[in-house]
Amino acid sequence: MLRLGERMTDNIFDGFLSRKTLFKNKEILRHDYQPQSLPHRKTEIETLSFNLVEALKGHIPSNMTLYGVTGAGKTAVTSFVCDELEKKGQELKRPVQSIMVNCRQIDTQYRVLSHIGNSLLESHEIDEIPFTGWPTDRVFGELIKRMDSRKGVFVIVLDEIDHLVRKAGDDLLYNLTSLNASLNHARACVIGISNDLKFTDFLDPRVRSRLGQLDVIFNPYDAEQLQDILRQRSNLSLNEDVLGDGVIALCAALAAQEHGDARCALDLLRVSAEKAEQSGSPMVEQHHVRSAQHQIESDQMTPIISKLPSQQKLVLSSILINEKNGLRNIQTGEVYAIYTQACRYVGQNALTQRRVSGLISSLDMLGLITARTISRGRYGRTKEINSCIPQNIDPVMIMVESEPHIEDVFSSNYKHQSRL
DNA sequence: AATCCACAGGAAGCCCGGGAAC
DNA sequence: GTTCCCGGGCTTCCTGTGGATT
């Protein structure tokens with residue numbers, strides 16, 4: 001054992017610090033890093049700028065909706081263009097302010113309005129809109145007041161707008177797209193960003209026509225384009241000659257399989273390089289990419305599973321128990337039967353089947369299971385449920401860590417109740 | 001063509017907790 | 001302290017549905 005004062009020069013970090021690093025700047029390989037240029041998005045940037053330049057001329061830009069799959073560069077392009085717009089606005093003394101709202105995190109009308117309102121606060125002001133308590137129309141009134149007092153053009157960007165509409169309806173969009181009627185000294189335009197081409201089907205026709213004044217489609221990147229992006233970023237972030245043969249191509253190919261997701265490609269390359277560095281390898285090789293792929297999968301899924309609410313864990317356990325018993329394509333009723341037994345076993349009240357059906361759908365949305373609605377003719381309509389947790393993850397262990405009683409659910413035997 | 005299954009999933013409403021205003 | 005508002009979790013009630021079976 002080391003005693004205080006003994007071998008003072010040794011420190012557990014010394015070894016890592018002296019190890020040769022592969023990175024020049026790791027931040028550049030993060031998907032939220034904003035690069036100086038965005039390859040293969042010239043047309044989209046032009047379309048956005050052509051519209052938003054109106055703000056610099058004192059006019060109101062059209063509202064826009066941007067469509068495209070995850071990692072197609074919608075958010076990156078928008079924040080890039082908005083940054084440039086704000087800079088030019090300052091230069092020309094025509095104030096423009098963009099406000100980004102991620103509707104996956106901020107997903108109710110009240111929260112979006114208060115978030116926008118609070119991001120318009122001057123640094124000396126302290127009267128924040130509370131996160132709950134006010135009537136929504138008061139928050140809206142406060143927002144108008146703040147916009148008018150600050151003047152200029154406001155570009156409100158609603159990222160993942162489809163999520164918001166599905167959850168909270170279109171009241172908010174109705175209010176936001178009619179902001180200009182209430183504003184006296186300021187102007188506003190709304191940019192919606194959606195992964196789902198069809199989300200406007202849920203909208204009131206008036207909102208649809210106001211929001212969809214200009215639609216921009218972002219096509220997914222193909223493998224070649226992903227390679228360009230990776231090359232551009234790796235030149236800036238990695239040391240020279242550290243990438244082995246075919247590493248970029250492999251990252252791009254794997255990400256292209258994931259519907260051309262640039263985020264995925266960048267994460268893959270960064271984690272691969274970290275893996276290589278960790279193992280003391282001077283080069284990133286293809287096997288690092290493979291192991292990075294596994295680690296990313298596991299890193300994404302582990303916290304999702306461990307943070308599931310207790311009832312949701314029981315539902316997931318019921319699905320896993322069915323699978324452990326050798327069943328595939330499990331029906332809602334079968335899951336529910338096991339679930340009620342499991343609840344009894346751990347002494348919890350069982351929720352209704354309607355609720356459990358909803359919980360199954362949300363497990364599907366989280367990507368832990370696939371639940372496909374099918375019709376089995378005379379034998380009714382149901383969901384066909386399968387878990388899709390990768391082999392290298394042990395969901396039971398993750399759940400047991402936060403809720404030990406789950407282990408009892410698995411150790412008991414429900415076999416006799418299921419189809420077997 | 002009619003029937004029927006096993007649900008899906010929408011709508012309304014209840015309850016609770018957190019917070020503001022009076 | 002009371003009243004009002006918002007949001008989340010949940011139940012209850014209900015209508016809708018695709019295709020095998022009759």
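Let me begin with DNA strand B, around which the protein places 20 residues. Those that come nearest are Thr-132, Arg-138, Thr-332, Arg-378 and Gly-380. Of the strand B atoms that come within 4 Å of the protein, sugar and phosphate account for 67%. Please keep in mind that this is a predicted model.

Some individual contacts to strand B deserve attention. A polar atom in the side chain of Thr-132 lies 2.9 Å from a base nitrogen of this strand. Arg-381 also approaches a base nitrogen of strand B at 2.9 Å, here through a polar backbone atom. At Gly-333, a polar backbone atom is 3.2 Å from a sugar or linking oxygen of strand B.

Which elements each supply at least two residues of the surface near strand B? They are helix H15, residues 332-346, helix H16, residues 353-365, and strand E7, residues 381-387. By class, that surface holds 11 polar, 5 charged and 4 nonpolar residues.

I turn now to DNA strand C, which is surrounded by 18 residues. The closest are Tyr-110, Thr-136, Arg-355, Gly-377 and Arg-381. Sugar or phosphate makes up 74% of the strand C atoms within 4 Å of the protein, and bases make up the rest.

Three arginines illustrate the contacts to strand C. The side chain of Arg-355 has an N or O atom 2.7 Å from a phosphate oxygen. For Arg-111, a polar side-chain atom lies 3.3 Å from a phosphate oxygen. Arg-381, already mentioned for its backbone contact with strand B, has a side-chain N or O atom 3.2 Å from a base oxygen of strand C.

Helix H4, residues 109-119, and helix H16 each give at least two residues to the surface near strand C. The classes there are 7 polar, 6 charged and 5 nonpolar residues.

Next, the second largest pocket, with a volume of about 160 Å³. Helix H3 (74-91), strand E2 (96-102) and strand E3 (152-159) each give two or more residues to its lining. Strand E3 gives the most, with 3 residues. Among the lining residues are Glu-86, Pro-95, Arg-150 and Phe-154. The lining comprises 4 nonpolar, 3 polar and 3 charged residues.

Finally, the aromatic rings. A search of the whole structure finds 1 aromatic pair. Arginines also sit over tyrosine rings: Arg-41 lies over the face of Tyr-221, 4.1 Å from the ring centre, and the charged end of Arg-210 is placed over the ring of Tyr-174, at 4.8 Å from its centre.

Conventions: Residues numbered from 1 in each chain as written. Chains lettered and ligands numbered in written order. Predicted model: local features only at pLDDT ≥ 70, side-chain atom pairs only at ≥ 80, totals over all residues. Heavy atoms only, no water. Near = heavy atom within 4 Å. Polar contact = N/O pair within 3.5 Å; in protein donor to acceptor, adjacent residues only side chain to side chain. Helix = DSSP H or I, 4+ residues; strand = E, 2+ residues; numbered from the N terminus. Nonpolar A, V, L, I, M, F, W, Y, C, P; charged D, E, K, R; others polar. 1 Å grid on protein atoms, 1.4 Å probe; cavity = no way out; pocket = protein on both sides within 12 Å on 5 of 7 lines; lining within 4 Å. Points joined across faces, edges and corners; volume = space filled by probe spheres on them. Phe/Tyr/Trp six-rings, centres within 6.5 Å; stacked < 30°, edge-to-face > 60°. Lys NZ or Arg CZ within 6 Å of the ring centre and 35° of its normal.
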